[in-house]
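Please find below some notes for a colleague reading this model, arranged as numbered points. They are meant to be followed with the coordinates open.

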Amino acid sequence: MFGATLTFVALVISVALYAYVQKFSKLLKHSGKLGGPTAFPLIGNGLLFAGKTPSEFLPTVGRLIQQYGKCFRLWLGTQMLIIITDPKDIEVILSSNKYIDKSIEYNFVRPWLGEGLLTSSGRKWHTHRKVITPTFHFKILEQFVEVFDQQSNTFVQVLGAHAKTGSTFDIFRPVTLCALDVICETAMGTKVNAQLNTESEYVQAVKDITNLVQIRLFNFLIRYEFFYRLSSNRRKQLEALKVLHGYTDSVIKNRQKELQTGKTNALDINENDLGIKKKMAFLDMLLQSKIDGQPLTDLEIREEVDTFMFEGHDTTTSAISFLLHNLAKHPEVQQKVFDEVRNIVGDDRTRPVTMAMLNDMNYLDLVIKETLRMYPSVPMIGRRMLEDVEINGKIFPAGSNAIIMPFFLGRNAEFFPNPEKFDPERFNVETSAERTNPYQYVPFSAGPRNCIGQKFAIAEIKSLTSKVLRYYEILPPAGQYDESFIAELILRPEKGIYVRLKSRVY
């Protein structure tokens, strides 16, 4: 009996190994035609990144793009990545309803986000996207603008201490906490007061989980689940997840009880013409949503709320921080933005901004676009090929991961002349019309899987930036600070964004 079992197990392993070898051989066959750096058995091109700091990843990829062109392959272990910076190839992938499965890198956030909108595919993604899209209707965004404005008030108060001393400080951290406050209130309808309670357990757990994902992205060994489970990082991840999931679950349960008992809170005010209660949080909409006549499960709700939390605070933190960095470096641009804001909002700094005011900030819109060209919040977009696909004469084999690089698209002189120059006017109507392919600029992705929260993000960025400029002049740091980036799922400054503040008098 034992011998038969052993034989069966050996047979299963042999079949699985044979299937893997066949699949891997197919990848190898097509990879040779794509070109790329010399790869070694088992480790692939892992040595290119071994021992390097996370900030060395983008410069390394940049050198490879210069050497191998706009489309080439990399091997991280036995995982094949196809690096793409050709807008024609990008258009085929992003515009299609067929290539919507995320690349293997997104598996690293699945323990936190589950099968939420960022990571899911197939029917679940289609149905949830349809349910969630109305959340970002302009009428609902108007209600979120109130939250943006209130949290921006706290933000400028927190910055007041720095303005008094006039000393150089890292503004990335306070922006992170402000964005976290915004997203907690708009997503869950709760306040964590991250800006005032910086030692919050939840705030620390968010920081821990994002750091762990970043480490895993660049370590070709723990990219494999088997080795990751044996690492100390896995234990740290479980501790962070216990806090993150515990908090979201408790908020969901409390909100369900309130809805069932008919209790209301500050988030429930009046009915608008959409039949949705004013200042209703993202969570409330999910609790009332149905798919095929059935409400979403508690797990599905948690996955979407956690996804909104992750995507909604990290991306805006990156965009706002680099925007403030650019305003400090370019005082003439900052002055134009300030003049526009003052002209629209007036001299009363306490006056809340409205969605209509934010929509009128056209020059600030150009500044945001130029910031995202140079510093896209999402520097890489990944898709997994489920079958062999021919794209513009190249075969993208099944099992490969297509990695689109908005960071290098925006810094390509072929698409954006003098790319290192910060010039918001390159996005005015006349210049934008000259762009031959819209896929040269994809900071919010594009096509069916474009960023569903794009309008939310732009409104938040405008609200916070306009509030800061009404109170402070942003100055460059005293002394020299190196500009280097960490390209995780989100673009981050390696050592912070250093500025000084001067109180405005007018």
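1. Is Cys 451 buried, partly exposed or exposed? The model is a predicted one, and in it Cys 451 counts as partly exposed because its relative accessibility is 29%, a value that falls between the cut-offs of 20% for buried and 50% for exposed. Cys 184, by contrast, counts as buried, with a relative accessibility of 0%. A search of the whole structure for disulfides finds zero.

2. On the overall architecture, the protein chain has 506 residues, of which 54% are buried, and its secondary structure comes to 18 helices and 15 strands. When contacts between residues at least 6 apart in sequence are considered, 75% of them join residues at least 24 apart.

3. Helix α15 deserves a closer reading. The end C-alpha atoms of α15 are 19 Å apart, which agrees with the 18 Å that its 13 residues should span at 1.5 Å a residue. The helix is mostly covered, since 10 of its 13 residues are buried; among them are Tyr 363, Leu 364, Leu 366, Val 367 and Ile 368, and also the charged pair Glu 370 and Arg 373. The elements that cover these buried residues include α12 (298–329), α13 (331–345), α16 and α18 (454–471).

4. Within that helix, the side chains of Arg 373 and Glu 370 meet in a salt bridge, with an N to O distance of 2.8 Å. Both residues lie in α15 (residues 362–374), three residues apart, which is about one turn of the helix. As a general matter, an α-helix has 3.6 residues a turn, so residues three or four places apart point the same way. How buried are the two partners, as relative accessibility? Arg 373 counts as buried because its value is 1%, and Glu 370 is likewise buried, with a relative accessible area of 0%.

5. The count of salt bridges in the model comes to 22, and two further pairs are worth inspecting. The side chains of Asp 292 and Arg 123 meet at 2.5 Å, N to O; this pair links distant parts of the chain, with Asp 292 in the loop between β6 (290–291) and β7 (294–295) and Arg 123 in helix α5 (residues 122–132), 169 residues apart. Both Asp 292 and Arg 123 are exposed.

6. The other pair is Arg 255 and Asp 284, whose side chains meet in a salt bridge with an N to O distance of 2.4 Å. Arg 255 lies in helix α10 (residues 232–261) and Asp 284 in helix α11 (residues 282–288), so the salt bridge ties together parts that are 29 residues apart in sequence. Arg 255 counts as buried because its relative accessibility is 5%, and Asp 284 counts as buried because its relative accessibility is 2%.

7. Arg 383, in strand β8 (residues 381–384), should be checked as a buried charge, for the residue is buried yet has no salt bridge. What is the nearest side chain of opposite charge, and how far away is it? That side chain is Asp 101, 8.1 Å away, whereas a salt bridge requires the nitrogen and the carboxyl oxygen to lie within 4 Å. A polar atom of the Arg 383 side chain does, however, lie 3.2 Å from the backbone oxygen of Tyr 99. Leaving aside residues up to four places away in sequence, Arg 383 touches several residues of the stretch that includes Tyr 99, Ile 100, Asp 101, Lys 102 and Ser 103, and its contacts also include Ser 400, Asn 401, Ala 402, Ser 445 and Arg 449.

8. Finally, two asparagines merit a look at their backbone geometry. Most residues other than glycine have a negative phi. Asn 193, in the loop between α7 (172–188) and α8 (201–218), has a positive phi near 50°, and this residue is partly exposed, with a relative accessible area of 39%. Asn 418, found in the loop between α16 (406–409) and α17 (429–433), also has a positive phi, near 50°.

Conventions. Residues are numbered from 1 along each chain as its sequence is written. This is a predicted model: local features need pLDDT of at least 70, side-chain atom pairs count only at pLDDT 80 or more; totals for chains, interfaces and linings use all residues. Side-chain values use heavy atoms; hydrogens and water are left out. Helices (H or I, at least four residues) and strands (E, at least two) are DSSP runs, numbered from the N terminus. Buried means under 20% relative accessible area, exposed over 50%, partly exposed in between (1.4 Å probe, protein chains only). Lys and Arg count as positive and Asp and Glu as negative; His and the chain ends are not counted. A polar contact is a pair of N or O atoms within 3.5 Å; within protein, one must be able to donate a hydrogen and the other to accept it, and residues adjacent in sequence count only if both atoms are side-chain atoms. Contact means heavy atoms within 4.5 Å. The expected span of a helix is 1.5 Å times one less than its number of residues. A disulfide is a pair of cysteine sulfur atoms within 2.5 Å.
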